[in-house]
Amino acid sequence: MTDLSRTSADTRADRPRSAYLLWVALPLVVLGLAIAWLVSSDPLSSFRNGAPAVENLTFERTILGADGIRVLIRAGGSEPMTIAQVQVDDAYWQFTQDPPGPIARGATAWISLPYPWVLGEAHAINVVTSTGTTFGHEIAVAVPTPTRDSLSFAAQAVLGAFVGILPVAIGLMFYPALRGVGRSGMDFLLSLTVGLLAFLFVDALEDAFELAGEAAALFQGPTMIVLAAAASFLLLMAAGRRSGTPTGLALATFIALGIGLHNLGEGLAIGAAFASGAAGLGTFLVLGFTLHNITEGIGIAAPILKQRPPLRTFAALTLLAGGPAVIGLWIGSLAYAPQWSALALAVGAGAILQVIVELVSMQLRQRTDGTRALLAPSAMAGLAAGVGFMYLTAMLVKI
């Protein structure tokens, strides 16, 4: 009797599940039938007036080598588009396309041109579609694109370490000297960290929106940046507060992570700029990046001044914050695309905002008069110093 009752109960439990799956599948079937009818019957044909389809094309990457010029293009029109001719410096040139044929919306293709480009000079490329629409791209300064060889990787690693890892390490070397500060000094340092992170947050968003303007319209650059930054912020907030509000080493790790994500985006942009000849590897520029990033190490050290972490912890924090600059340089010089750099900077901006919230929260908790402490002269001076130093050193690296 008991077994029969259990079987009957299981049957009744299965029925709602089957009905649930049916009501999930039914709307999907109706949607599929509607799409099939729309494609097969083409009810929009009566609205066409003979005008050509809207075409859009974005140049995502340029490679200059001994065999000529190669450009990666992405189609963004309403219909597949066909490349008919290609001009270089107002002269038509034979070209090969890979893959050949019409380029579907959102798809990419490589255009190869056996053009004898000249080192250091500017060149203009115009792509002409089968409808006669032209899309232009300018090579501001022609320089050979870095190749995948160990010497190039090693040189980029040295540069990335100099502008990313070294300044963070120098900043963290101030840790012993900072341990002797009093309450006002601690307020100054925490506010200094908030100030430099606030500058990085604004700077990352500004660069992200600028890069998004260079990406294909189908990526919806501004929307992508806002969503990526918000998702990064919310995910890190959830992860950081899973075991309570982060303090000490946990907070320092989040600061290093946020700075590292920002440095990844900057590394992508720097690598692409150097590879395209848009920036020169001048000593002044490299020193500017180094000075600009030293304060980041001080900011990472601020939450752990009351602790005595082992030396390996400082090494790990340095690599977490500065190491992504090396990776960004490698990727940026070899496989750059503006939408991915914008996405990396947006994720970094969200991570930085999460750290700012946690730092301000920690300042409020540490003092019974937390709100008044945020407005204390030492705190306001630290905030101004952080923003001011980052702004002045950023002037050295803007070209």
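## Exercises on a predicted model

R74 is buried, its relative accessible area being 12%. The exercises below concern a predicted model.

**Exercise 1.** Find the salt bridge partner of R74 and state which strands the pair ties together.

*Solution.*
- Step 1. The structure holds one salt bridge.
- Step 2. R74 forms a salt bridge with E60, and the closest N and O atoms are 2.5 Å apart. The cut-off for such a pair is 4 Å.
- Step 3. E60 belongs to strand 1 (residues 57–65) and R74 to strand 2 (residues 68–75), so the salt bridge ties together parts that are 14 residues apart in sequence.
- Step 4. Side chains of opposite charge can pair when their charged atoms come close.

**Exercise 2.** Is E60 buried or exposed?

*Solution.*
- Step 1. The relative accessibility of E60 is 6%.
- Step 2. Buried means under 20% relative accessible area, so E60 counts as buried.
- Step 3. R74, at 12%, is buried by the same cut-off.

**Exercise 3.** Describe the sheet with the order 1-2-6-5 and identify the strands at its edges.

*Solution.*
- Step 1. The sheet is open, has four strands and pairs them in the antiparallel sense.
- Step 2. Strand 1 and strand 5 (96–98) each have a single partner strand, so they stand at the edges and one side of each is left without a neighbour in the sheet.
- Step 3. On average, neighbouring strands of this sheet are turned by 20° against each other, direction ignored.
- Step 4. Eight bridges join strand 1 to strand 2, which pair antiparallel. I63 stands opposite R70 in strand 2.

**Exercise 4.** Why is strand 7 described as largely enclosed, and which strands pair with it?

*Solution.*
- Step 1. Strand 7 covers residues 123–129, and five of its seven residues are buried, so the strand is largely enclosed by the rest of the structure.
- Step 2. Strand 3 (residues 83–88) runs antiparallel to strand 7 and is joined to it by five bridges. Within this pairing, I83 stands opposite T129 in strand 7.
- Step 3. Strand 8 (residues 134–139) also pairs with strand 7 in the antiparallel sense, over six bridges. H123 has I139 in strand 8 as its bridge partner.
- Step 4. The hairpin of strand 7 and strand 8 has four residues between the strands, and G132 in this hairpin takes a positive phi near 90°.

**Exercise 5.** What percentage of the residues of the protein count as buried?

*Solution.*
- Step 1. The protein has eleven helices and eight strands.
- Step 2. Of its 399 residues, 44% count as buried.

Key: Residues numbered from 1 in each chain as written. Predicted model: local features only at pLDDT ≥ 70, side-chain atom pairs only at ≥ 80, totals over all residues. Heavy atoms only, no water. Helix = DSSP H or I, 4+ residues; strand = E, 2+ residues; numbered from the N terminus. Buried < 20%, exposed > 50% of the residue type's maximum accessible area, 1.4 Å probe, protein only. Pairing = 2+ DSSP bridges. Salt bridge = Lys/Arg side-chain N within 4 Å of Asp/Glu carboxyl O. Axes fitted to C-alpha atoms, helices over the stretch in contact; angles between N-to-C directions.
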